[in-house]
Amino acid sequence: MQGSERNVPDGTGPAAGAASTRPEGHRLVPLATAMIEGDGRILHWSEDAEGLTGYTAEEAVGRYVGQLLVPEEDRAAVFELFGRIMSGTGWSGVSAIRHRDGRRVELEFRTYPIVGPGGARLLLATASDVGSLRQVEGDLAVLDGIFTQSPIGMAVYDTELRYVRLNDALARINGLPVEEHLGRPIGAVLPGINSTEIEAVMRQVLATGRPVVDARSHGRTPGDPRRDRAWSASYFRLEDSTGRVLGVSSSIIDVTERFQAEARASRAQERLALLAEATARIGTTLDLKRTAEELIEAVIPRFADFATVDLLEPVLLGEEPSHLQPDRGVLLRAVAVGEAYESGMTGTADAVGATSEYDSKRVYTECLRSGRPLLRPHVDEKVLAALVNEPDRVGPGVKAGIHSYLMVPILARGMVLGGSEFVRMRNPEPFTAADVALAEELVARTAIALDNARLYRRERETALTLQRSLLPQEIHRTIGLEIAYRYLPSSVVSEVGGDWFDVVPLSCGRVALVVGDVMGHGIRAAATMGQLRTVARTLATLDLPPDQVLTRLDETATGIGEGQFATCICAVYDPVDGTCTVASAGHLPPIRVTPDGTARALYLPPGVPLGVGGVAFESTEFTLREGSLLALYTDGLVERRGQDIDEGIGLLSHTLAGRGRTLEESCDAALAALVRDGTEDDIAMIMARALPIPADRIATLQLDGVGPAPSLARRFTRDTLKAWDLTALSDFAELLVSELVTNALLHADAPRRLRLFRDRTLTVEVADSGSQAPRIRSSAEEDEGGRGMHLVSELAQRWGTRQTRDGKVVWAEMELDYRYR
């Protein structure tokens, strides 16, 4: 065995600076030598003799060996033996000596009689300790047995990592005779294994002296060239007593079965980990597209290099999928596509959003119809041609390196929703039965999430349709008031809400603004919202003041069912006198911005939410001057988790303050300032700005009791309509005015004011100090009166009455041709 010398620094012990009599290298058993004259006197005494007997050379040389080493009781036999030896008969054997410390030491002797200078007879004797010698012999026997009998492969390599010795077991493992190993490195003997990695480990052991245990190697050997095998090896460095590195020794065992079992266990663990991670990742939302993307993200690149999810068109529309007919093809839309790297696979699959139609005889269609996975572990050009829908996709697929394919139908409640494809290219392992089982589990979990998303989409669309149908479809323009509004459904909550708003045109140019918020979400909240909005609109059109509207609305909410609560605010604005009357049912305060740009919240008597029942509401009246702005809103605009709602109201006031913005710009500014990361709740908002009324839209006649009121009213009406170019309506309008004024004279002290108002209709209103509303009475043919309100009802498109602080107003509307509006 060739070895490299290791430099040893100079020592400071007894041997330093003196020549050693010990031969270079390590001697396992000390060998003592002595030269004895014929009379038994010692002439030479070696260093090992000193070690075995305890006597130094100075003490031994010149003395008689029998006196020095032989116990007195053994001397006779020893002298006789010495005589025979000196007569020319050599002897080897075991004999005991007396050590300097008095103990007996058994030594094995070999004697060699020789003739010295001048013919003198001398004796050269060598001796070794019997115990050490027997131990060495045993060690050598064991070592020889290991190399010849051990079933474990063993080898010794020199410092150049060439085989120096190996046993038969390793030769059998490698499939080559021992002789073909010796003097050659591992890579030359076994080119089919990972020799570079093995030699790197061995060089590390040579350099550091630290043993390496259970170093794994793998590959194929000449003894088994068709099957991959695995081995576990341990390496340690060989040195002599001086520290000189002689090489490396190794022990090697075949662990192929364990390696394969560990590999199977590792793959199973990886599959379980993938399944656990995918379970947590898939179905985090109720969005079809996002759920499909989550499946793709879960399998790439750990399971497949390329994957797709395609769904049937009815599924994407939220419809219930039907059973696939055997004689019909399927239409699928690509919902998600993903790849681990730029592979060119886009040429073999539909882009997201694209549709493909598979006829009834395609393999893909048959797989969907059967509901069973389609596995093609080894894909070539012919197999790929049967899989793809278009022939021109075969070439790009082959070029991309497709070698294994798996398709799993997406099934939920026994119905086919679509299919998911998995492809391997760089991953060299083909899909196995275990992979099929994993893919089925992943797709099954995805199918549940997709079906839930489909059902949710259908229910949500139903609810949204209901909600949209219940909200105002058109906001009519109102003279004296500019209106802008916003409605934003929640982007966080997964259900529709119960927020609503309404703009209700009233008589004489007045308008009611209503904003409400049903607590909770879902179809029930939307349905409750629809009922409350309808009732609120009806009550407002009856000219009830806001507090009475809320009182009746509270009764409605109480009757809907337990737990159905809502907040609401109702404001009625009269553009003629600029008054605004507001009542609140537990709703947030409106924001008023004065013409100079000052904004503040109007804290009204709060009231309780609708549905509590039995609590009175209170109206507050104030003047909304020209140029002023009034904002009504729901809590979704100003309420944020972790933030006091007053901060949101303050920010809204600050945002709306100032001048120079249009209402639409003010709405956008409010949303931009308060809605940054999506809405946590629905938002309903109305902004209204008071405008001046054009002079040709309103005319007022004060009736102070001077002169005949009916004739004055008729003349005023005729002149006004002529000025407004509405002469065609004069006859009917004069008759209508005459009846209303006359009715006030007969039943309510006296009329006080006549007002004509032109907007979408021509409105005639008569104010008096009476409190009793007029009604249509039955009258016989012979009765001279009682027919006035009958006539009003026939002439007017609609008519009604409303209470005021000092009496009432009776009004009637006549339809205008669109040219006069």
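# A tour starting at Met-519

Select Met-519 and show what surrounds it: leaving aside neighbours within four places in sequence, Met-519 is in contact with Phe-565, Ala-566, Thr-567 and Pro-609. The model on screen is a predicted one. Now add Gln-564 to the selection. Met-519 and Gln-564 are 45 residues apart along the chain, yet their C-alpha atoms are separated by 7.1 Å. Is Met-519 buried, partly exposed or exposed? Its relative accessible area is 43%, and because the range between buried and exposed runs from 20% to 50%, Met-519 counts as partly exposed.

**The sheet around strand 19**

Met-519 lies in strand 19, so select residues 511-521 next. Strand 19 pairs with strand 18 in the antiparallel sense, over nine bridges. One place to look is Val-504, whose bridge partner in strand 19 is Ala-512.

Widen the view to the whole sheet. Five strands make up this open sheet, in the order 18-19-20-21-24, with antiparallel pairing. Which strands stand at its edges? They are strand 18 (497-505) and strand 24 (619-623); each has a single partner strand, so one side of each is left without a neighbour in the sheet. On average, neighbouring strands here are turned by 15° against each other, direction ignored.

Two helices are worth adding to this view. Helix 16, residues 523-541, lies across strands 18, 19 and 20 (566-574), and runs at about 15° to strand 18. Helix 17, residues 546-560, packs on the sheet as well, touching strand 20, strand 21 (579-585) and strand 24; its direction makes about 25° with that of strand 21.

**A second five-stranded sheet**

Move to the strands in the order 17-26-25-22-23, which form another open sheet of five with antiparallel pairing. Its edge strands are strand 17 (481-488) and strand 23 (599-601), each pairing on one side only. From one strand to the next, the twist averages 15°.

Within this sheet, select strand 22 (residues 591-593) and strand 25 (residues 629-633): three bridges join them, and they run antiparallel. Arg-592 has Leu-630 as its bridge partner in strand 25. Then show helix 19, residues 663-674, which lies across strand 17, strand 25 and strand 26 (683-690) at about 30° to strand 17.

**Helix 12**

Select residues 363-370, which form helix 12, and colour its buried residues: Tyr-364, Thr-365, Cys-367 and Leu-368. Seen down the helix axis, these buried residues fall within an arc of 160°, so they line one face of helix 12. They pack against several strands, including strand 11 (306-312), strand 12 (330-339) and strand 16 (415-424). Just after the helix, Gly-371 takes a positive phi of about 80°.

**The nonpolar cores**

Next, select Phe-303, Leu-311 and Phe-422, the residues with the most contacts inside the largest nonpolar core, which has 59 residues. Helix 15 (residues 433-470) gives the most to this core, with eight residues. Centre on Leu-311: among the residues it touches are Leu-288, Leu-331, Ile-410, Leu-417 and Leu-450. Apart from this core lies another, of 29 residues, among them Ala-709, Leu-721, Leu-726 and Ala-812.

**The whole chain**

Finally, zoom out. The chain contains 22 helices and 31 strands, and 46% of its 821 residues are buried. Among contacts between residues at least 6 apart in sequence, 63% join residues at least 24 apart. About 41,000 Å² of the chain is exposed, and carbon and sulfur atoms supply 51% of that area.

Key. Residues numbered from 1 in each chain as written. Predicted model: local features only at pLDDT ≥ 70, side-chain atom pairs only at ≥ 80, totals over all residues. Heavy atoms only, no water. Pairing = 2+ DSSP bridges. Helix = DSSP H or I, 4+ residues; strand = E, 2+ residues; numbered from the N terminus. Axes fitted to C-alpha atoms, helices over the stretch in contact; angles between N-to-C directions. Contact = heavy atoms within 4.5 Å. Buried < 20%, exposed > 50% of the residue type's maximum accessible area, 1.4 Å probe, protein only. Areas by Shrake-Rupley, 256 points an atom, 1.4 Å probe, with all protein chains shown as cover. Core = buried A, V, L, I, M, F, W, Y, C linked by side-chain atoms within 4.5 Å. Arc of directions from axis to C-beta.
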